[in-house]
Amino acid sequence: MAKKEALRELQSRLAERLQAARLQKSETATWLAVECGGQGLLLPLGQASEIFPLTALMPVPHTGAWFLGVANLRGRLHGVVDLAVFLGLRAAPPQEFGPQSRLIAFNPALEVNCALLVDRLAGLRSADQLRVVPDEAAHPAFAGATYADAGGRRWQEIVLAELAGEEAFLRIAR
């Protein structure tokens with residue numbers, strides 16, 4: 001019971017900080033840090049909307065393994081994408097999702113009724129907490145810069161506005 005309350009408190013604090021960060025007129029980039037398939041990912045705060053606990057999903061036949069179905073989030077239907085599967089960080093969705101799994105909705109300004117399933121929230125990050133790391137590997141257009149934190153952990157930025165325009169993503173998510 002204490003773990004559930006702690007998770008609710010963390011989610012509440014992150015939601016408040018997410019809202020406060022949106023209201024700040026700052027030139028420093030800020031991200032919502034998440035984990036998917038063991039990889040640290042950064043989602044730009046201005047392109048994300050709300051954080052939701054995992055809810056009941058209505059499966060959609062004849063879709064890719066990464067498209068988990070449709071969820072009702074605050075009275076609006078959203079397609080739900082397993083981000084780790086879409087990015088190739090794991091082959092298929094797990095049989096059961098962990099208690100820390102969350103849905104991150106796209107900002108309505110992007111005009112995509114979609115939410116990304118992530119394995120775990122890892123807090124907020126700002127540009128002063130990270131340094132850009134050179135990365136010679138080929139990446140899709142939606143992959144932004146690669147960063148490292150003070151502990152040396154690598155974080156890959158996922159530009160949601162670019163992801164929303166990705167052809168494979170558009171076929172199902174819109």
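In the predicted model, six of the seven residues of strand 1 are buried, so this strand is largely enclosed by the rest of the structure. Strand 1 has antiparallel partners in strand 2, through six bridges, and in strand 8, also through six bridges. Within these pairings, Leu-32 is the bridge partner of Leu-43 in strand 2, and Trp-31 is that of Arg-125 in strand 8. The connection between strand 1 and strand 2 is a hairpin with two intervening residues, and Gly-37 in its turn has a positive phi of about 55°.

The protein as a whole contains four helices and eleven strands. Of its 174 residues, 43% count as buried. Among contacts with a sequence separation of 6 or more, 58% are between residues 24 or more positions apart.

An open sheet is formed by five strands in the order 3-6-7-5-4, with mixed pairing. The edges are occupied by strand 3 and by strand 4 (67-73); each has a single partner strand, so one side of each lacks a neighbour in the sheet. From one strand to the next, the twist averages 30°. At one end of this order, strand 3 and strand 6 run antiparallel and are joined by four bridges. Pro-53 has Arg-102 of strand 6 as its bridge partner.

The loop between strand 3 and strand 4 contains Thr-55. Thr-55 has a relative accessibility of 33%; because this value falls between the 20% and 50% limits, the residue counts as partly exposed. Beyond its neighbours within four places in sequence, Thr-55 is in contact with Ala-71, Asn-72, Leu-73 and Leu-103. The C-alpha atoms of Thr-55 and Asn-72 are 8.0 Å apart, with a sequence separation of 17 residues.

The largest nonpolar core comprises 30 residues, and those with the most contacts inside it are Phe-106, Leu-160, Leu-163 and Phe-169. At least two residues of this core come from each of strand 1 (30-36), strand 2 (39-44), strand 3 (48-53), strand 6 (102-106), strand 7 (114-118), strand 8 (120-126), helix 2 (83-86) and helix 3 (160-165). The most is given by helix 2, which supplies four residues. Leu-163 touches Leu-83, Phe-86, Phe-106, Leu-116, Phe-142, Ile-158 and Phe-169, when residues up to four places away in sequence are not counted. A second core, separate from the one above, has nine residues, including Phe-52, Leu-73, Ala-105 and Leu-117. In soluble globular proteins, nonpolar side chains tend to be buried together.

Aromatic rings form seven pairs. The ring centres of Trp-66 and Phe-67 lie 6.4 Å apart and the planes are at 90°; this angle is over 60 degrees, so the pair is edge-to-face. Trp-66 and Phe-67 are buried. Trp-66 also pairs with Phe-169, with ring centres 6.2 Å apart and planes at 10°, so this pair is stacked. Because Trp-66 is in the loop between strand 3 and strand 4 while Phe-169 is in helix 4 (residues 167-173), the pair ties together parts that are 103 residues apart in sequence. Phe-169 is buried, as is Trp-66. One aromatic cluster is made up of Trp-66, Phe-67, Phe-86, Phe-106, Phe-142 and Phe-169. Of these cluster members, Phe-106 and Phe-169 are among the residues with the most contacts inside the largest nonpolar core, and Phe-86, Phe-106, Phe-142 and Phe-169 are among the residues touched by Leu-163.

Thr-146 is located in strand 10 (residues 143-149). Its relative accessible area is 5%, which is under the 20% limit, and therefore Thr-146 is buried. The side chain of Thr-146 makes a polar contact of 2.8 Å with the side chain of Gln-156. Residues up to four places away in sequence aside, Thr-146 touches Arg-131, Val-132, Val-133, Asp-135, Arg-154, Trp-155 and Gln-156.

Notes: Residues are numbered from 1 along each chain as its sequence is written. This is a predicted model: local features need pLDDT of at least 70, side-chain atom pairs count only at pLDDT 80 or more; totals for chains, interfaces and linings use all residues. Side-chain values use heavy atoms; hydrogens and water are left out. Buried means under 20% relative accessible area, exposed over 50%, partly exposed in between (1.4 Å probe, protein chains only). A polar contact is a pair of N or O atoms within 3.5 Å; within protein, one must be able to donate a hydrogen and the other to accept it, and residues adjacent in sequence count only if both atoms are side-chain atoms. Contact means heavy atoms within 4.5 Å. A nonpolar core is a set of buried Ala, Val, Leu, Ile, Met, Phe, Trp, Tyr and Cys residues joined through side-chain atoms within 4.5 Å. Two strands pair if DSSP finds at least two bridges between them. Axes are lines fitted to C-alpha atoms, for helices over the stretch in contact, and angles run from 0 to 180 degrees between N-to-C directions. Rings of Phe, Tyr and Trp (its six-membered ring) pair if their centres lie within 6.5 Å; planes under 30 degrees apart count as stacked, over 60 as edge-to-face and the rest as tilted.
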